[in-house]
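Welcome! Here are a few short exercises to work through at your own pace, each followed by a worked solution.

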Amino acid sequence: MIRRQFLARSLSVAVASLFARGAFAQHTGHSMQGMEGMGDMPDMAGMSHAKPSAEKPTQVPLAAHDALPAGAPLAELRRLTNESSEPRLFRATLIARPAKRTLLSGKPTTFWQYNPPAATAEQGPVIGPLIDVREGDTVEIRFVNRLPQPSTIHWHGLPVPPDQDGNPSSMVAPGATHVYRFTLPAGSAGTYWYHPHPHMMSAEQVFRGLAGPIIVRAADDPLAAFPERHLFFSDLKLATDGTIPANDMMDWMNGREGQFVLVNGARRPRITVKEDERWRLWNACSARYLRFSPGDGQRFVQVGSDGGLLEKPRDGLPELLLAPGERAEVIVRAGSTPSQAALTADIYDRRKMAMSEGSLPPEPARVLADVAFEPLPAGEAGAGTRAIPETLRSIVTFPAPVARKSVVFSEAMDMAAMHRPGASAHGMPAGMRFMINGASFDPERITLTSRRDEVEAWTIENRTDMDHPFHLHGTQFQVTGRERGGAVTPEPYRAWRDTVNVEPGETVHIATVQKMAGDRMFHCHILEHEDLGMMGTLRVI
Ligand code: C2O
Ligand code: CU
Ligand code: CU
């Protein structure tokens, strides 16, 4: 609370906008000049000459909450084409580059996109194409960076070798090409995603449009009979002139939440459910928590988490919280009579900081999609209830841990530094510190060291006033318990996860093991916090 009073006394809106503008000019100014495709980015062209100064920046207001069309049928995800004809080899190319798309009529927006379709083609959603592969496949992705910044591709949640995982230390320069190659082991079936991971630029690259889904399938999937639907949730902040604004002070502090939540690239789509379906959900928002609720007393079944199927289905759920970075698989029942429902992101208070004293109120509930249940008449293929096996798969019980690790989230605000004119480093406001074990990320420092194949018990403690989603690279972990005031509540179900929310004052206990030597990242998955240094390096030896 002390920190918040601090902010109340010292911050002003003018300071906040100065940061946003000065910071942006500093890190884009030189690198943007003469870049292909930059001429069509009015926001950047104007910014590249801006000096960090006290002059009042012209802030373009944000578009209205309903400025984007709604109500279209849910778009199908585009698929990344396999260029290989060899069995068990998935070979493809991902090109990241600026691309113009018109979402607000007459006001084109320049996104950064993976493999944007030609302007004349049926354009599809502004998210990366789906990588749909199988356990045992070798995946070889040629990444071409046509962005004005260095980038990497990180395979969020997948057990890929450390040197193939798009670590911040493995930057791919603008104009350069890099080939990622890895083989998907047995047991890795699940719902994953890919996104850039360059240090201090991940947030911007994701909010400009770079992120895409991955599905790894098992040969013996017990739910293979269910028709599948994909809902990839992303966040978009759009100005009235169609530009995507840079992060402002509040975005850096709390994590960016735009005025739009998109489902497969569109606002509030329409979904018609005629038979029981398996839905895969991705929370690819930079900072927004999605507390899914189908409303009206509707219930659903959770069958999967980040790393694939649960051990046992969780039936009768009225809601499910997905922190940024998390995924889930659920079974949605068509029911026996027609009905309507609104898939809603319910109110969730993640205790965002305010510029004035205390916390910001949580966002109001918002409808993400409209769902019409139109069950098929009895007798038609797909009609009636599809059975879900009582056991979906077995998930190992880890043996007793041989090592322990402690991760502590903390934050600090340095008002003097925040007020220095033009105070920013690498495009971010100075003075805001988000830390792990007392320090912000330093690429030269190894935060923790683990031994290969050793089972470890980690505790992740949140000593800040707001929620932070913890994410660990290179493996899946099991949450074993949640501790508050010294009392540990065991986790009631067994699941593989790579991201878990940690509330203020809470300590989450996990069990995990790393199987490959090399450096792994762990961090808060609010991407602004990650960029500001709430990240550490785990060296596996
Ligand atoms: Cu989704 Cu370190 O990332
Ligand atoms: Cu990751
Ligand atoms: Cu955070």
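A cavity is a set of grid points where a 1.4 Å probe fits but cannot get out, and its lining residues have an atom within 4 Å of a point. Keep in mind that this is a predicted model.

**Exercise 1.** Find which residues line the second largest cavity nearest its centre.

Solution. Start with the space: this cavity holds about 180 Å³. Next, look at its lining of 16 residues, where Glu 257, Arg 288, Tyr 289, Tyr 348 and Glu 363 lie nearest the centre. Finally, sort the lining by class: nine residues are charged, seven are nonpolar and none is polar.

**Exercise 2.** Work out where the largest cavity lies with respect to domain 1 and domain 2.

Solution. The whole structure has four cavities of 30 Å³ or more, and the largest contains about 210 Å³ of space. Its lining has 21 residues, with Val 206, Phe 207, Gly 209, Ser 234 and Asp 235 closest to the centre. Now turn to the elements: α4 (202-207) and β9 (228-236) each supply at least two lining residues, and β9 gives the most, with four. Domain 1 (89-217) and domain 2 (228-373) both contribute to the lining, so the largest cavity lies between them.

**Exercise 3.** Identify what coordinates the copper ion (ligand 2), and decide whether His 154 is buried or exposed.

Solution. The copper ion is coordinated by the NE2 atoms of His 154 and His 471, at 1.9 Å. His 154 sits in strand β5 and His 471 in strand β27, 317 residues apart. For the last step, buried means under 20% relative accessible area. His 154 is at 0%, so His 154 counts as buried; His 471, also at 0%, is buried too.

Terms used:
Residues are numbered from 1 along each chain as its sequence is written. Chains are lettered from A and ligands numbered from 1 in the order in which they are written. This is a predicted model: local features need pLDDT of at least 70, side-chain atom pairs count only at pLDDT 80 or more; totals for chains, interfaces and linings use all residues. Side-chain values use heavy atoms; hydrogens and water are left out. Donors are N, O and S atoms within 2.8 Å of the metal (3.2 Å for Na, K and Ca); water is not among the atoms, so sites may look incomplete. Buried means under 20% relative accessible area, exposed over 50%, partly exposed in between (1.4 Å probe, protein chains only). On a 1 Å grid over the protein atoms alone, a cavity is a set of points where a 1.4 Å probe fits but cannot get out, and a pocket is an open set with protein on both sides within 12 Å along at least five of seven lines; lining residues have an atom within 4 Å of a point. Grid points are joined across faces, edges and corners, and a volume is the space filled by probe spheres set on the points. Domain bounds come from an automatic or database domain assignment. Ala, Val, Leu, Ile, Met, Phe, Trp, Tyr, Cys and Pro count as nonpolar, Asp, Glu, Lys and Arg as charged, and the others, Gly among them, as polar.
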